[in-house]
Amino acid sequence: MPGWAERAAATLLPLSRATTLVAALREWFYTGRFFDLEARDGTCELCGQQDLRYHFEIENPGTTSSLLVGSECIKRFEITGIDEQGQRLDADATGKLVDRHRRGLVEDARKQRVMTALMRLGQKALDFDAWDFIDFVDDKGAFTPNQVAMIFWRLDSAGIAYRPTDWKVRMRRDSDLGQLRTMKPAAFKRVIAALTAPQRQRIAEIEARFAELGQSWR
Ligand SMILES: [Zn+2]
């Protein structure tokens, strides 16, 4: 038995009715409750894995025990769950549900970091209306390249830390690309740091097309 299975058996068997790990696991289900610890300081109560940021709850109705575990353990041990309508799910569907819940937590945390940075900037720079932009995070989710360039410049100037990749940059419209094309090099560099890999690829392709014609895009 691998180490993690041994640790899981040691934890799970005293909290279950069955006497083997495989049978005991079938008594447990994923409750659909999950928690953001807001720091990577959580431990999986099943396998002992450390540095977890998100906890997912599993429960044994027979012994009324519950444990907080990592999403990987729910999949690895094929613990099943119930969907939002109360229907019993198989292990595959439960794995997908856990992944969806985890993605939701990651996305909420990302939005929270963006809002925190905007609020801090609003407190430091009185002419900056943070709420205008916070509404933007909620409604549309993505900023225009010019907005990102301006906000990053102001965050840098105010000495406020932020993760560029937390900020979604809109590149759907011609006007968005137009903004990227005409912005100053320092601003362009700031916005590039926020782009996703496919967005950077798209810029590289546009630049390559112009280069073939002996021109430069910017
Ligand atoms: Zn685990």
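This is a short chat about a predicted model, covering its zinc site, its sheet, its cores and helix 7.

Q: Start with the metal. Which protein atoms are the donors of the zinc ion?
A: C44, C47 and C73, each through SG. They lie 2.2 to 2.3 Å from the zinc ion.

Q: How are the donor residues spaced in sequence?
A: The pattern is C-x2-C-x25-C.

Q: Are C44, C47 and C73 buried or exposed?
A: Buried. C44 has a relative accessible area of 3%. For C47 the value is 5%, and for C73 it is 2%. The cut-off for buried is under 20%, so these three cysteines meet it.

Q: How many disulfides does a search of the whole structure find?
A: The search finds 0 disulfides.

Q: Switching to the sheet. What is the strand order?
A: The order is 3-2-1-4, in an open sheet of 4 strands. The pairing is mixed.

Q: And which are the edge strands?
A: Strand 3 and strand 4, the latter at residues 80–81. Each pairs on one side only.

Q: What does strand 2 pair with, and in which sense?
A: Strand 2 pairs with strand 1 (residues 29–36), antiparallel, through 5 bridges. It also pairs with strand 3 (residues 65–69), again antiparallel, over 5 bridges.

Q: Which residues stand opposite each other there?
A: On the strand 1 side, F35 stands opposite H55 of strand 2. On the strand 3 side, E57 faces L68, and N60 has S65 as its bridge partner.

Q: What about the turn between strand 2 and strand 3?
A: The two strands form a hairpin with 4 residues between them. T64 sits in that turn and has a positive phi of about 50°.

Q: How many residues of strand 2 are buried?
A: 6 of its 7 residues, which span 54–60. Strand 2 is mostly covered.

Q: On to packing. How many residues has the largest nonpolar core?
A: It has 34 residues. L118, F143, W167 and L180 have the most contacts inside it.

Q: Which helices supply it?
A: Helix 4 (91–124), helix 5 (130–139), helix 6, helix 7, helix 8 and helix 9. Each supplies at least two residues of this core.

Q: Is there a general reason for such clustering, and what is it?
A: In soluble globular proteins, nonpolar side chains tend to be buried together.

Q: Back to W167. What does W167 touch?
A: Leaving out residues up to four places away in sequence, W167 touches V114, A117, L118, F143, I151, F152, L155, Y162 and A194.

Q: Which residues does the second core include?
A: A8, W28, I58 and V98 are among its 28 residues. This core is separate.

Q: Last topic, helix 7. Which of its residues are buried?
A: D176, L177, Q179 and L180, in a helix running over residues 174–182.

Q: Why do they line one face?
A: Viewed down the axis of helix 7, the buried residues fall within an arc of 155°, so they line one face of the helix. As background, an α-helix has 3.6 residues a turn, so residues three or four places apart point the same way.

Q: What do those buried residues pack against?
A: Helix 6 (145–158), helix 8 (185–192) and helix 9 (197–212).

Q: And what is on the other side of helix 7?
A: D174 and T182, which are exposed.

Terms used. Residues are numbered from 1 along each chain as its sequence is written. This is a predicted model: local features need pLDDT of at least 70, side-chain atom pairs count only at pLDDT 80 or more; totals for chains, interfaces and linings use all residues. Side-chain values use heavy atoms; hydrogens and water are left out. Buried means under 20% relative accessible area, exposed over 50%, partly exposed in between (1.4 Å probe, protein chains only). The arc is that of the directions from the helix axis to the C-beta atoms. Contact means heavy atoms within 4.5 Å. Donors are N, O and S atoms within 2.8 Å of the metal (3.2 Å for Na, K and Ca); water is not among the atoms, so sites may look incomplete. A nonpolar core is a set of buried Ala, Val, Leu, Ile, Met, Phe, Trp, Tyr and Cys residues joined through side-chain atoms within 4.5 Å. Two strands pair if DSSP finds at least two bridges between them. A disulfide is a pair of cysteine sulfur atoms within 2.5 Å.
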